[in-house]
Amino acid sequence: MGTPKYDIGIIGSGIIGLATAMRLSHGHPRSKIVVVEKESQIAQHQTGHNSGVIHAGIYYAPGSQKANFCSTGGAMLRRFCDQHEVPYEMCGKLIVAVDESEVPGLEELFRRGTANGADGLEILGQERLREIEPHAAGVKAIWSPNTGIVDYDDVSTAYCDEMRDSGGELIADAEVVGTERRDGTICLETTAGDVEVGNVINCAGLHADSVALMMGQDVGVRIIPFRGEYLSLKPEKTHLVNGLIYPVPDPRLPFLGVHFTKRISGSVEAGPNAVLARKREGYSKTSFDWGDTVDALKFPGFWRMSRKYWKVGISEQYRSVIRSAFVSSLQTLIPELQDQDLHQPGAGVRAQAVDAAGNLVQDFSIAQTENAIHVVNAPSPGATSSLAISRYIVDLAKRSFDLN
Ligand SMILES: Cc1cc2nc3c(=O)[nH]c(=O)nc-3n(C[C@H](O)[C@H](O)[C@H](O)COP(=O)(O)OP(=O)(O)OC[C@H]3O[C@@H](n4cnc5c(N)ncnc54)[C@H](O)[C@@H]3O)c2cc1C
């Protein structure tokens with residue numbers, strides 16, 4: 001049996017891959033860890049295009065991995081940021097019921113958040129709501145003081161530095177295009193040459209399903225990309241938002257609805273929506289990739305999902321194409337906002353696992369196969385939860401890989 005150059009190869013340098021690499025190199029200094037990344041820099045996809053929110057764990061089904069990882073992960077993240085001087089701000093968040101019809105949904109969220117252990121949640125009436133966000137409309141709101149903002153690029157850079165300081169390596173510009181098991185080792189065939197590893201942790205985000213298939217494993221779901229488009233408030237209008245203002249979301253969907261997000265830089269973003277993307281890493285409305293589109297169309301779960309959610313899909317597409325519809329959904333939260341107050345369109349693409357029955361997989365999903373762990377579904381709050389997820393993955397690795 002051959003000896004691979006590395007004990008563990010992690011595919012993908014998003015926040016989950018880097019958190020895992022950091023924890024492994026810290027905890028197992030005699031194991032050789034490598035992160036293989038197709039881009040020239042770390043965190044170029046979901047991690048580098050997300051909303052930058054440290055979630056408190058309000059929305060998720062009690063007992064789910066999302067609920068558990070988000071509350072513990074958020075606390076771990078803040079501790080890490082304190083220790084590594086990564087700036088963050090606990091600006092708090094309001095979830096607003098804009099009329100009486102949304103109040104039962106808001107109260108259900110309050111029950112969930114409380115059951116999940118989200119600290120300090122309060123239900124506010126109109127007066128207190130206006131004290132916190134004077135420009136927001138609404139009849140009632142949940143106030144979550146334990147929600148904050150951070151730049152996940154900065155967090156990822158700190159994870160990567162820590163990983164390297166503990167002996168881990170990053171190979172950039174190396175897309176894994178194939179894998180082969182040879183003599184007890186796994187050869188990752190990359191665009192920068194072969195990398196021999198003993199075990200693989202697949203943290204490929206939008207490509208997690210394809211990387212698993214490349215390794216001969218069908219994890220039973222496909223990643224369907226959803227583009228989230230947003231606009232920024234012009235600097236002279238950022239005073240309209242003090243922190244984070246969210247609507248009461250549709251409980252059937254894993255997306256939170258268009259909202260206002262203050263960024264750690266001081267800018268304010270409005271969005272994102274959730275439209276089906278025709279390219280996994282397609283950040284513009286015209287982005288298209290034949291391979292990605294055919295992959296989705298060939299998957300029966302895609303058609304079943306389309307049948308279940310066609311109404312939501314059409315309304316999201318409409319809001320994407322007709323800017324006045326997008327602005328009008330923002331005005332339900334901040335009525336005085338005008339189209340001309342918004343500029344600088346941007347977008348991120350979410351990796352959403354869909355199962356064969358067409359269900360949008362709501363929880364995190366991590367699968368284990370021979371010598372491999374696959375992070376199959378890591379949607380929001382994946383960045384908040386990154387340290388808790390990495391702890392879970394490393395525990396799995398300790399049990400199934402022969403680690404030093
Ligand atoms: C629009 C948006 C807003 C969000 N907002 C929040 C938020 O406010 N708070 C929060 O907690 N979470 C948020 N999330 C979720 C969070 O960003 C993700 O859960 C997290 O970034 C997932 O990290 P990852 O490492 O799994 O994936 P990614 O960051 O996508 O990283 C995957 C990496 O794998 C690499 N890769 C893929 N295939 C290969 C290959 N074949 N070979 C080599 N490398 C490969 C990619 O280049 C990429 O660098 C948001 C997500 C989006 C898209």
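**Exercise 1. Place the ligand relative to the two domains.** Explain where the ligand shell lies and which residues make it up.

*Solution.*
Step 1. Domain 1 (1-52 + 151-220 + 362-404) and domain 2 (223-243 + 251-355) both give residues to the shell around the ligand, so the shell lies between them. This is a predicted model.
Step 2. List the shell. The ligand is surrounded by 43 residues. The closest are Gly12, Gly14, Gly205, Gly348 and Gly382.
Step 3. Look for the contributing elements. α1 (15-27) and β18 give two or more residues each to this shell.
Step 4. Sort by class. The shell holds 18 nonpolar, 20 polar and five charged residues.

**Exercise 2. Describe how domain 1 meets domain 2.** Give the separation of the domains, the contacts and the class make-up of the domain 1 side.

*Solution.*
Step 1. Take the centres over C-alpha atoms. The centres of domain 1 and domain 2 are 28 Å apart.
Step 2. Count the contacting residues. On the domain 1 side there are 18, and they contact 16 residues of domain 2.
Step 3. Find the elements behind the domain 1 side. α6 (208-214) and β20 each supply at least two of its residues.
Step 4. Classify that side. It has four nonpolar, 12 polar and two charged residues.

**Exercise 3. Work out the setting of strand β20.** Is β20 (residues 372-377) largely enclosed or largely open, and which strands pair with it?

*Solution.*
Step 1. Check burial. A residue is buried when 20 or more other C-beta atoms lie within 10 Å of its own. Six of the six residues of β20 are buried, so the strand is largely enclosed by the rest of the structure.
Step 2. Take the parallel partner. Strand β12 (residues 193-202) joins β20 through three bridges. In this pair, Asn202 stands opposite His374.
Step 3. Take the antiparallel partner. Strand β19 (residues 365-369) pairs with β20 over five bridges. Here Ile366 faces Val375.
Step 4. Inspect the turn. The hairpin of β19 and β20 has two residues between the strands. Asn371 in this hairpin takes a positive phi near 55 degrees.
Step 5. Link back to the domains. β20 also supplies at least two residues of the side of domain 1 that touches domain 2.

**Exercise 4. Find the unusual backbone angles.** Locate two cis peptide bonds and two further positive phi values.

*Solution.*
Step 1. Recall the background. Most residues other than glycine have a negative phi, and most peptide bonds are trans.
Step 2. Take the cis bond between Gly271 and Pro272. Its omega is about -10 degrees. Pro272 sits in the loop between β16 (268-271) and β17 (275-276).
Step 3. Take the cis bond between Ser380 and Pro381. Its omega is about 10 degrees. Pro381 sits in the loop between β20 and α10 (386-400).
Step 4. Turn to Asp183. Its phi is near 50 degrees. Asp183 belongs to the loop between β10 (176-182) and β11 (185-190). Asp183 has 10 C-beta neighbours inside 10 Å, so it counts as exposed.
Step 5. Turn to Gln344. Its phi is near 45 degrees. Gln344 lies within strand β18 (residues 342-355). Gln344 has 11 C-beta neighbours inside 10 Å, so it too counts as exposed. The cut-off for exposed is 12 or fewer.

**Exercise 5. Map the three-stranded sheet.** Give the strand order and say which strands stand at the edges.

*Solution.*
Step 1. Write the order. The open sheet runs β3-β8-β4, with antiparallel pairing.
Step 2. Find the edges. β3 (53-54) and β4 (88-89) each have a single partner strand, so one side of each is left without a neighbour in the sheet.
Step 3. Check one pair. Two bridges join β3 to strand β8 (residues 148-150). Val53 stands opposite Ile149 in β8.

**Exercise 6. Judge the overall form of the chain.** Compare its radius of gyration with that of a compact globule.

*Solution.*
Step 1. Count the elements. The protein chain has 10 helices and 20 strands.
Step 2. Compare radii. For 404 residues, a compact globule would have a radius of gyration near 22 Å. The chain has 21 Å, which agrees.
Step 3. Add the extents. The C-alpha trace spans about 70 × 45 × 40 Å along its principal axes.
Step 4. Add burial. Of the 404 residues, 49% count as buried.
Step 5. Add contact range. Among contacts with a separation of 6 or more, 74% join residues 24 or more positions apart.

Key. Residues numbered from 1 in each chain as written. Predicted model: local features only at pLDDT ≥ 70, side-chain atom pairs only at ≥ 80, totals over all residues. Helix = DSSP H or I, 4+ residues; strand = E, 2+ residues; numbered from the N terminus. Pairing = 2+ DSSP bridges. Domains from an automatic or database assignment. Contact = placed C-beta atoms within 7 Å. Nonpolar A, V, L, I, M, F, W, Y, C, P; charged D, E, K, R; others polar. Near = placed C-beta within 6 Å. Rg over C-alpha atoms; globule rule 2.2 N^0.38 Å.
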